[in-house]
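User: Hi! Could you take a close look at one part of this structure, and then walk me outward from there? I would like the cut-offs spelled out as you go.

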Amino acid sequence: MRKPADQPLVTGKTETPPERHFHLANADDAAAADARHALEELLAEVPAIAGTLPAGFLDDAQRFVALLLAANRRVNLTRVTAPSDVARLHLLDSLVALPLIDVVAAREAIDVGSGGGLPGLPLALARPETRWTLVDSVGKKAAILGEFVEALGLRNVAVVSDRAESLGQAVDHRERYALATARACAALPVLAELALPLVAQGGLLIAWKGPLSEADDEVRRARVAIGQLGGGRLGIVDPGVPALGGHRLVTVPKERATDARFPRRPGEPGRRPLG
């Protein structure tokens, strides 16, 4: 797989270097192999996505799954552990955003609330030409993400342990990224305040959601919040993959600079959502 030049691993201001939470010898290789085979079958149904994956992607995805399942025995990263479900609900669910991501063609992207590395790591494997920053406020999870990145040899990924609200006010991150992604992170009005200050004008926020429609109250409130944060028209995209059921992707373009008062101090967006 073609990989770009080295990018340093980053930790938050108060973080110590990542601890060794697991070793490759503990990886669940059998389950990971099963997940790989399940993903191959699923990708056969979406050739438009499968055909864009780089050489060696399936090998790297299998290694990621092995690492994720091994680490999950020590730290709660995911409740989805059956190989077929990992393939469908983690890997394929991440990859269905690739057509939207390819339109942006971002040089730099940020994944907010990465947790176990989803969707950030599968996307970084699928698009190695993009530099990805994975963010999680929980130091233990960020440390594990750092181990994943090192074990997978990903030179296009950095890990930051910090609050999104803090990064949104930091000169090194505010309105820097052409693409922001977030999966199972927060309700849309809250997520908009966490993520849009990180997105450059002309960039895009993509959020992974379950079944959602224009009539939902979450969407109505999100539209109000987005308007306050410099975002454009919210879109709801059906990825058109039956295996994912009612999963939807929400897109928000960044049209104007975000007012300096946003994001508010850590915790405030969740306590008092906009909209």
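Analyst: Happy to! Let's start with E175, which sits in the loop between α8 (164-168) and β4 (177-183); helices are DSSP runs of H or I with at least four residues, strands are runs of E with at least two, and both are numbered from the N terminus. This is a predicted model, so local features need pLDDT of at least 70 and side-chain atom pairs count only at pLDDT 80 or more, while totals for chains, interfaces and linings use all residues. Residues are numbered from 1 along each chain as its sequence is written, and side-chain values use heavy atoms, leaving out hydrogens and water.

E175 is not a glycine, yet its phi is positive, about 50°. Its relative accessible area of 23% makes E175 partly exposed, a class that lies between buried (under 20%) and exposed (over 50%), using a 1.4 Å probe and protein chains only. A105, in the loop between α5 (98-104) and β1, is another non-glycine residue with a positive phi, near 50°. A105 counts as exposed, at 60% relative accessible area.

Two prolines deserve a look in the backbone as well. The L118 to P119 peptide bond is cis, with omega near 5°, and P119 belongs to the loop between β1 (108-112) and α6. F262 and P263 are also joined by a cis peptide bond, where omega is about -5°; P263 lies in the loop between β7 (248-253) and α11 (268-271).

Following α6 (120-126) and ahead of β2 (131-135), the loop holds R127. R127 is buried, at 5% relative accessible area. Leaving aside residues up to four places away in sequence, R127 touches T52, P54, L98, D102, W132 and N156, where contact means heavy atoms within 4.5 Å.

Now for the interior. The largest nonpolar core has 57 residues, and F64, L92, L121 and F148 have the most contacts inside it; such a core is a set of buried Ala, Val, Leu, Ile, Met, Phe, Trp, Tyr and Cys residues joined through side-chain atoms within 4.5 Å. Helix α3 (residues 57-72) gives the largest share of this core, nine residues. A second, separate core of 31 residues includes V112, L194, L229 and V250.

One of those names, L229, leads to helix α10 (residues 217-229). Its 13 residues reach 19 Å from first C-alpha to last, close to the 18 Å expected, the expected span being 1.5 Å times one less than the number of residues. E218, V219, A222, A225, I226 and L229 are buried in α10. Down the axis of α10, these buried residues fall within an arc of 120°, so they line one face of the helix; the arc is taken from the directions from the axis to the C-beta atoms. They pack against α9 (188-195), β5 (199-209), β6 (235-237) and β7. After α10 comes G230, with a positive phi near 90°.

I226 also appears in the lining of the largest cavity, along with L188, A192, L205, A207, V250 and V252. A cavity here is a set of points on a 1 Å grid over the protein atoms alone where a 1.4 Å probe fits but cannot get out, and lining residues have an atom within 4 Å of a point. The structure holds one cavity of 30 Å³ or more, and the largest has a volume of about 40 Å³, meaning the space filled by probe spheres set on points joined across faces, edges and corners. α9, β5 and β7 each supply at least two of its lining residues.

How values were computed
On a 1 Å grid over the protein atoms alone, a cavity is a set of points where a 1.4 Å probe fits but cannot get out, and a pocket is an open set with protein on both sides within 12 Å along at least five of seven lines; lining residues have an atom within 4 Å of a point.
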